[in-house]
Amino acid sequence: MSFIHNIKYSFQKYGFLIEQLVSRDFKVKYKRSVLGVFWSLLYPILMMTVMAIVFSNVFKFSTPGVNYLVYLLTGLTFFNYFSEASNLAMSSVVANFSLINKVYIPKYIFPLSKCLFVGINLLLTLIPLYIMIFVTGTGINIYHILLPYSLICLFLFTVGMGFILSTISVFLRDMFYIYGIIITIWTYLTPIMYDISVISPKLQIVLKCNPLYHYIEFARTIILYHQCPGISQFLICGGSALGFLIIGMIVFKKKQDKFIYYV
């Protein structure tokens with residue numbers, strides 16, 4: 001609890017620094033880009049188009065009863081956030097060693113700022129998602145007010161993973177390469193482009209151990225099936241998000257004092 005209290009205190013104290021780090025990342029990403037922020041809107045649409053053509057026409061994937069494009073874009077929106085944020089958070093501490101050596105800054109700020117930065121892009125990608133919802137006639141319903149819950153759970157889970165990954169990468173630089181393989185496997189173990197019902201029941205049990213599955217399924221229940229997620233969905237999403245966040249904070253806190261020896 002003391003660590004959480006310290007984070008809350010330092011977040012208030014270093015809020016301006018976090019804001020500056022997020023602003024810096026945002027400017028660097030779109031520096032000299034002709035389309036700029038527009039890429040945040042265009043990229044998910046282009047990815048969805050390519051994947052929809054490949055998986056619906058080549059592999060014959062479909063989602064009976066719901067629009068496949070919206071199904072696919074919902075999964076891509078959530079997973080792309082996790083993939084980009086966790087990758088950036090993983091390298092955030094190592095990339096800022098020079099700054100850490102010069103002045104005292106709570107080290108957790110670096111992975112947290114990366115998750116917040118990518119979170120801005122996540123909010124922007126909701127625009128093409130909702131455009132697709134209207135264009136395809138999927139429509140919106142009252143349960144859309146619950147959608148932020150799944151986004152918050154996704155964010156907390158990603159921050160927790162960011163703490164864990166950034167800690168490991170300080171001591172094991174090979175993690176930068178290993179995680180590329182892990183995230184590729186994770187992509188196919190998450191039902192982004194396929195319906196989980198098409199695989200065997202035994203494999204379904206394995207896939208349902210993936211927290212990302214539950215965050216995406218929570219959103220799809222609202223967006224595609226126009227239903228309120230069940231109590232179990234709320235509990236699983238919230239529990240897994242808080243669980244990984246706490247584990248990440250504990251791991252980070254335990255190892256952060258040793259970071260300085262691995263510059």
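Buried residues account for 48% of the 263 residues in this chain, which is shown here as a predicted model. Let's walk through it from the overall fold to the core, and then out to the surface.

**Overall fold**

The chain is built from 11 helices and has zero strands. Reading along the sequence gives the pattern α-α-α-α-α-α-α-α-α-α-α. Among contacts with a separation of 6 or more, 78% join residues 24 or more positions apart. The chain exposes about 13,500 Å², and 70% of that comes from carbon and sulfur atoms.

**Inside: the largest nonpolar core**

In soluble globular proteins, nonpolar side chains tend to be buried together. Here the largest nonpolar core holds 73 residues. The members that touch the most others are Leu 72, Phe 82, Leu 154, Trp 186, Leu 212, Tyr 215 and Ile 223. Helix H4, spanning residues 68-95, gives the most to this core, with 15 residues.

Phe 82 is a good place to pause. This residue sits in helix H4, and it counts as buried because its relative accessibility is 0%, below the 20% cut-off. Leaving out residues up to four places away in sequence, Phe 82 touches Leu 154, Phe 157, Thr 158, Met 161, Tyr 179, Ile 183, Trp 186 and Leu 212. One of these partners, Ile 183, is 101 residues from Phe 82 in sequence, with 9.6 Å between their C-alpha atoms.

Now take the view from Leu 154. Its contacts, again without neighbours within four places in sequence, are Phe 78, Tyr 81, Phe 82, Leu 122, Leu 212 and Tyr 215. Leu 212 therefore appears in the contact lists of both Phe 82 and Leu 154, as heavy atoms of each pair lie within 4.5 Å.

**Outside: a nonpolar patch**

Some nonpolar side chains are found at the surface too. Ile 168, Phe 171, Leu 172, Ile 178, Ile 182, Ile 260, Tyr 261 and Tyr 262 make a nonpolar surface patch of about 700 Å². Helix H7 (147-171) and helix H8 (175-188) are the elements that give two or more residues to this patch. Tyr 262 belongs to the segment after helix H11 (231-255). Is Tyr 262 buried or partly exposed? It counts as partly exposed, because its relative accessibility is 39%, between the 20% and 50% cut-offs.

Here are the two aromatic residues side by side:

| Residue | Location | Relative accessibility | Class |
|---|---|---|---|
| Phe 82 | helix H4 | 0% | buried |
| Tyr 262 | segment after helix H11 | 39% | partly exposed |

Note on methods: Residues are numbered from 1 along each chain as its sequence is written. This is a predicted model: local features need pLDDT of at least 70, side-chain atom pairs count only at pLDDT 80 or more; totals for chains, interfaces and linings use all residues. Side-chain values use heavy atoms; hydrogens and water are left out. A nonpolar core is a set of buried Ala, Val, Leu, Ile, Met, Phe, Trp, Tyr and Cys residues joined through side-chain atoms within 4.5 Å. Buried means under 20% relative accessible area, exposed over 50%, partly exposed in between (1.4 Å probe, protein chains only). Helices (H or I, at least four residues) and strands (E, at least two) are DSSP runs, numbered from the N terminus. Patches are made of residues with over 30% relative accessible area and no salt bridge: like charges are joined within 9 Å, nonpolar side chains (Val, Leu, Ile, Met, Phe, Trp, Tyr) within 5 Å. Accessible areas come from the Shrake-Rupley method with a 1.4 Å probe; for residues, only the protein chains shown count as cover. A salt bridge is a side-chain nitrogen of Lys or Arg within 4 Å of a carboxyl oxygen of Asp or Glu.
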